[in-house]
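Subject: Handover of a structure model

Dear colleague,

Please find below the sequence and the structure that I am handing over to you. My findings follow directly after.

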Amino acid sequence: MKVGIVTITDNSNYGNRLQNYAMFYIMKRKLGYKTVSLVSYSDNPLLKRRYGNYLKTRVIRLLSSVCPRYAGARFGVETLRWNNFCKWNRNIPTKNYYGCKKLPTTLNRKFDYFIAGSDQIWNYQFAFEKFDDYFLKFAESKKKIAISASFGVENIPDKYKKIYREGLMDFSCISVREKQGQLIIKNLINREVPVLIDPVMVLNKSEWIKISRKPKVDLSKPYILKYYLGKSPENGKIDNWAENNGYRVYELLNKQIPELYEAGPGEFISLINNASLICSDSFHCIAFSIIFSKPFIVYSRQGYGISMVSRLKTLLKKFGFEERWETLVSEEEFLSCDYTKIPGILEEEKKKFMDYVINSLR
C-alpha cells in the first residue's frame, strides 16, 4: 500500500516540519505503509536559465555544512538556519514536482491513498494559492483523507465559501485539529467530523528524542525558553522573574543570538526537553511542552489581523490547561503544571487518532 502526504512545506517553521515527520512516522513506522510527502513547485531550479541560482544554492549548503562560521558571516545567519532545516528534512522522504503550479493528476494511479494534513492547510490567509493541492484535487474521492487538518481561523469569508464547499465535499474522510474547524465544516457542508490531536502528540517522548540534536547553547543550567511567532507579547516580566530566580533566558527567532536563531527542528526538540519553563504563542511549541511534561505559559499571538487562537483553545481544553494563559498565571504558578492526569488523556486521544486513521484506510 502506498500513501502520499500533502501538507505545507516551510523551511522556517518548526511545527510544520515536525508534524510532517510525525505523519510520515505514523504511516510508515506504526502502520507499515510505503509513505512519501508530495510537493509541487512553480519554479524549476534545474531549468537552464536558473542553473546559476541552483549552483549557488548548492555551494551555500556545502559551505554551511563544512564552514558554518564563514557561511554565516558571508551569507547571514538565515542561511545557517535554512541549511539546518534542509538537513533535518532528510528524515522525511519527499517527492518534489518542479515546474508545475499544482500536483499532477497522474499521481492518482500511483498511490492507494492521499492524506491532507496536518497543520493549517486550509487557512485562506497563506495557503490559498495551493488549495488545489491541499484539497487533493488531483485524486479521486475514495482516496482522499484529511487528518487533523486545520483552518487556523475562526470563520470563512463569504467570497471563499464556494471554493471550500467544493473542496471539502469530495473527501471520503475528514478530521480536524480544532473545535472551530469542526463547526466550519458543519456550517459549510453539514457534515459531522471528529476533532483529533495533532500527529506530533501521537509519538511519545522517546521517539522524539531519537531525532533530536544538541543545540549550540549550554543546556546544563536552568533556563526559560521563549518562542514567539508574532510580536513579543510581554514587557520584561519573564526576564525579570528569570533574573530574580537564577534562570537564563533563551529566545528563539532572535537574530542577536545566532546559536539559537540557526537551530533546526532537531535542536528545537532538545531545547524544549531541557527547559525549565516554556513561554510561547506557538501551537506546536505548547504541544511539545505537553509531550515532555514541561511547565508552560501561553500567549495570544500579536501582530496578526485575524485571530488564530482557536487551535490553542482546543489544545488547552482537551488537556485541562485552560489556566495556563499568561493573563491567568501568577508568578507563584509559573513552574507548577499538574501532569498527573495527562498520560491517561493522551493515551485516549492517541487511540482515537489511530482508530480514525485505520478505519479511514479501510
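**Lys186 and its surroundings**

Lys186 counts as partly exposed, since its relative accessibility is 31% and the cut-offs are under 20% for buried and over 50% for exposed. Please note that this is a predicted model. Lys186 belongs to helix H7. Leaving aside residues up to four places away in sequence, Lys186 touches Arg191 and Glu192. Its C-alpha atom is separated by 29 Å from that of Leu18, and the two residues are 168 residues apart along the chain.

**Strand E5 and its partners**

Strand E5 covers residues 144–149, and six of its six residues are buried, so the strand is largely enclosed by the rest of the structure. Strand E5 is joined to strand E4 (residues 113–116) by three bridges, and these two strands run parallel. In this pairing, Phe114 stands opposite Lys144 of E5.

Three bridges also join E5 to strand E6 (residues 173–176), again in parallel. Here Ala146 has Ile174 in E6 as its bridge partner. Between E5 and E6 the chain passes through helix H6 (residues 158–169), and this β-α-β crossover is right-handed.

**The four-stranded sheet**

An open sheet is formed by four strands in the order E8-E7-E9-E10, with parallel pairing. Its edge strands are E8 (248–251) and E10 (296–298), each of which pairs on one side only. On average, neighbouring strands of this sheet are turned by 20 degrees against each other, direction ignored.

Within the sheet, strand E7 (residues 223–227) is connected to E8 by four bridges, and the two run parallel. Leu225 has Tyr250 in E8 as its bridge partner. Helix H11 (residues 265–274) packs on the sheet and touches E7, E8 and strand E9 (277–280). The direction of H11 makes about 135 degrees with that of E7.

**Salt bridges**

Side chains of opposite charge can pair when their charged atoms come close. How many salt bridges does a search of the whole structure find? The number is 18. Three of these pairs are described here.

The side chains of Asp198 and Arg177 form a salt bridge with an N to O distance of 2.8 Å. This pair links distant parts of the chain, 21 residues apart: Asp198 lies in the loop between helix H7 (179–189) and helix H8 (205–209), whereas Arg177 lies in the loop between E6 and H7. Both Asp198 and Arg177 are buried.

Glu262 and Lys216 also meet in a salt bridge through their side chains (2.8 Å, N to O). Glu262 is in the loop between helix H10 (258–261) and H11, and Lys216 is in the loop between H8 and E7; the pair links distant parts of the chain, 46 residues apart. With a relative accessibility of 7%, Glu262 counts as buried. Lys216, at 53% relative accessibility, counts as exposed. Elsewhere, salt bridges that share partners join Asp119, Arg177, Glu178 and Asp198 into one network.

In the third pair, Lys143 forms a salt bridge with Glu140, and the closest N and O atoms are 3.7 Å apart. Lys143 is buried, with a relative accessible area of 11%, while Glu140 is partly exposed at 34%.

**Nonpolar cores**

Which residues have the most contacts inside the largest nonpolar core? They are Met201, Trp208, Ile290 and Phe296, in a core of 69 residues. Helix H1 (residues 14–30) supplies the largest share of this core, namely nine residues.

With residues up to four places away in sequence not counted, Trp208 touches Leu18, Tyr21, Ala22, Val200, Leu203, Ile269, Phe288, Ile291 and Phe292. Leu18 is thus a contact of Trp208 as well as the residue whose C-alpha atom is separated by 29 Å from that of Lys186.

Apart from the largest core lies another one, of 37 residues. Ile8, Ala149, Phe151 and Tyr160 are among its members.

With kind regards

Key
Residues are numbered from 1 along each chain as its sequence is written. This is a predicted model: local features need pLDDT of at least 70, side-chain atom pairs count only at pLDDT 80 or more; totals for chains, interfaces and linings use all residues. Side-chain values use heavy atoms; hydrogens and water are left out. Buried means under 20% relative accessible area, exposed over 50%, partly exposed in between (1.4 Å probe, protein chains only). Two strands pair if DSSP finds at least two bridges between them. A crossover is right-handed if, with the strands pointing away from the viewer, the path from the first strand over the helix to the second runs clockwise. Axes are lines fitted to C-alpha atoms, for helices over the stretch in contact, and angles run from 0 to 180 degrees between N-to-C directions. Contact means heavy atoms within 4.5 Å. A salt bridge is a side-chain nitrogen of Lys or Arg within 4 Å of a carboxyl oxygen of Asp or Glu. A nonpolar core is a set of buried Ala, Val, Leu, Ile, Met, Phe, Trp, Tyr and Cys residues joined through side-chain atoms within 4.5 Å.
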